[in-house]
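Let us walk through the disulfides of a structure and ask where each one sits along the chain and how far its cysteines are shielded.

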Amino acid sequence: MNLKNLYLLILLLPFSKVYGQCGAGFPYLSDLGTFNVSEIQGCAPLTVEVCINNTATCFCSFNPSDPCLCDVIFGNGDGDSFTATYSESGTYILEVIYPDVSGAITRDIVEIQVTDKIEPNFEVYSCTGNRVRVDLPNSQNAQYDSYEINFGDGTIIPAAINSDPVHTYPNNLSRIITVQGIDNNALVNCPIGSENFTPRNTLPVTQINRLVVLNDTQLELNQTLDDNILYRLEIQVNGIGSFTPLPSALSDSFIVHDLNLENNFYCFRIATVNPCNGQVTYSNTICSVNATLEIQDGNNALAWKTNDPTVTFYIGRRVVNSNGSNTTNRFQTVSPLSRSYNDMDITCNTDYGYFLEADYGNNIISVSDTVSGTAFTTMPPTAVNDLSIIIEPQQVVLDWTDQPNIIIDRYDIRSSFLIGSVESSDYIDNRPVGQEASICYNITTVDQCGNSSVNEEPICSIFLEGSITRDNNISLNWSNYIGFQNGLSSYRLEKFYKLNLVNTITTSDLTFSEVDNNDNEQVINYLVTAIPQSSTLAPAVSNLITFIKPNNIYHPTAFTPDGNESNDTFIVNARFIVDYNMQIFNRWGEMIFSSESRENGWDGTYNGQPQQEGTYVFHLELTDLAGRTLKKNGSFLLLRK
């Protein structure tokens, strides 16, 4: 502390207060015996009063012209009375200055010690039988020379350092225990420590409710502790040997540091100590769970170590989803004797975290640290075996089923060569193929680990082909579809007139024939659909085949316009005609007849005059139901009998 040397001028005071022998209220004498003070030591704020005694060789005078005029310097800035209050801690020199009879200046001092001590640091512990033990600071931690304890029931006792007095209460009413620190030769004015206390006849036994491993060196214990109970935390390593105390003050949530949780597990119990007789009762024992994870090919191998084989283990799993979110759940329960679990329900290139919960019952849980890793596998994914190929006029639509339990990176589509890659289970081949011959595809599955399916057999489209004769006999055949691993239910053959459905046939054959004599329909379409056994799969569809019935154009090589109603007119006959235009020319190239109706033939006249026998030429232009324009030129004979 810095010495403070501020002067205080003593005001003129009544003679009776300054002179004479100082009484018991001023027990401390200055160095030269000129004056006494009321206090020389205490806590801030400390008030000190000065008394001038009659031993001075020159009695102090209060007349400024008197040579015996006195000064009092308190050292803290006060200067207007015999009393000063020291508000801050420190060492102060209180000084009285006065002249003797010869006029020489005499200085007399006393040292004042002011401290800022806090209230005593003590502990109060319950003992059985409504007793209490007060643990006072030891000699290394003591601020005071001794203590005074008030037990709150009228009992006040002095207590020395290192003493831990015990007191018995007549009942279990709540009290306030106070401890006052005392220093020798000091005013007893320092702060008083206090503690609420309720006596107990018996001591409660606590329970450790939860243990959670935080990292490789720390774990947390959770329990409910009562006030004024002496607890002691004890630890055992790997279930071997005796429990040893941990020198720490417990709390309801307590973190144990400096452990080797990566290689060991630790068991804990809490001792409830009766400090009056040393008797101990113990809580439950709870042990940490030491978990390890080994990422293997297609398998996450979880193992753990702990002491108690009678608990139930729950395995928690955290999965980092593709969008970055976490899914955490208890997903497996294992027996008390289990110490390992292989998780094979994994997705390649996915992050997994595992933790163990050891359930002791009665809501007592021990939770391991989370061990993590990224799953991998070298096992190739399943090839695409269910593929629907749908042939459309200008493109081919491919549809297949996603592979179960696999996160797909992509599907590679090949048709003799790689034509595309997609992430979804469908693809459109924009090439106009499959109309002239069957088109084949391979679908290769590539998972997140880059593994590709192997031995994919090509799957080929249904190719429908056939023929039609002049007398409308239609024959069809198509290729067998092998794109469904569970096989086909049947084929569905659909018949259309100009793409309007007119008939459906269900069959297991690969051929079909029929005669179509419908003279009103010239254009016939057929389509084959393969129906899979599984109702969840899309059918495969063939190319659309189209038949156009022949027009069967016919004309006579000669006609005899003699009026006998037999072969009297020249007519060109044809089927499925929409527009008809016929012109007839004589040998000189002169058009002598034209008609726009099949029913209107040439009767062998021109401008009402019969024409000569001979060869004539016709030119015919037709449009049929198929929309085709047909042209035919020919010659015939006109004969007369």
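Is Cys449 buried, partly exposed or exposed? In this predicted model, Cys449 has a relative accessible area of 29%, and because buried would require a value under 20% and exposed one over 50%, Cys449 counts as partly exposed. Its disulfide partner is Cys348, with the two sulfur atoms 1.5 Å apart. The pair links distant parts of the chain, 101 residues apart: Cys348 lies in the loop between strand S28 (340-343) and strand S29 (351-361), while Cys449 lies in the loop between strand S37 (440-447) and strand S38 (459-460). Cys348, at 11% relative accessibility, counts as buried.

The two strands that flank the loop of Cys449 are themselves joined by a disulfide, since Cys440 lies in strand S37 and Cys460 in strand S38, so that this pair ties together parts that are 20 residues apart in sequence. The sulfur atoms of Cys440 and Cys460 are 1.8 Å apart, and the link is right-handed, with 100° about the S-S bond. Both cysteines count as partly exposed, Cys440 at 27% relative accessibility and Cys460 at 23%.

Elsewhere, a disulfide joins Cys267 to Cys287, with an S to S distance of 2.0 Å. Cys267 belongs to strand S21 (residues 266-273) and Cys287 to strand S23 (residues 286-287), so this pair ties together parts that are 20 residues apart in sequence. Their link is right-handed, with 105° about the S-S bond, and Cys267 and Cys287 are both buried. The disulfides described here are among the five that a search of the whole structure finds.

Note on methods. Residues numbered from 1 in each chain as written. Predicted model: local features only at pLDDT ≥ 70, side-chain atom pairs only at ≥ 80, totals over all residues. Heavy atoms only, no water. Disulfide = S-S within 2.5 Å. Helix = DSSP H or I, 4+ residues; strand = E, 2+ residues; numbered from the N terminus. Buried < 20%, exposed > 50% of the residue type's maximum accessible area, 1.4 Å probe, protein only.
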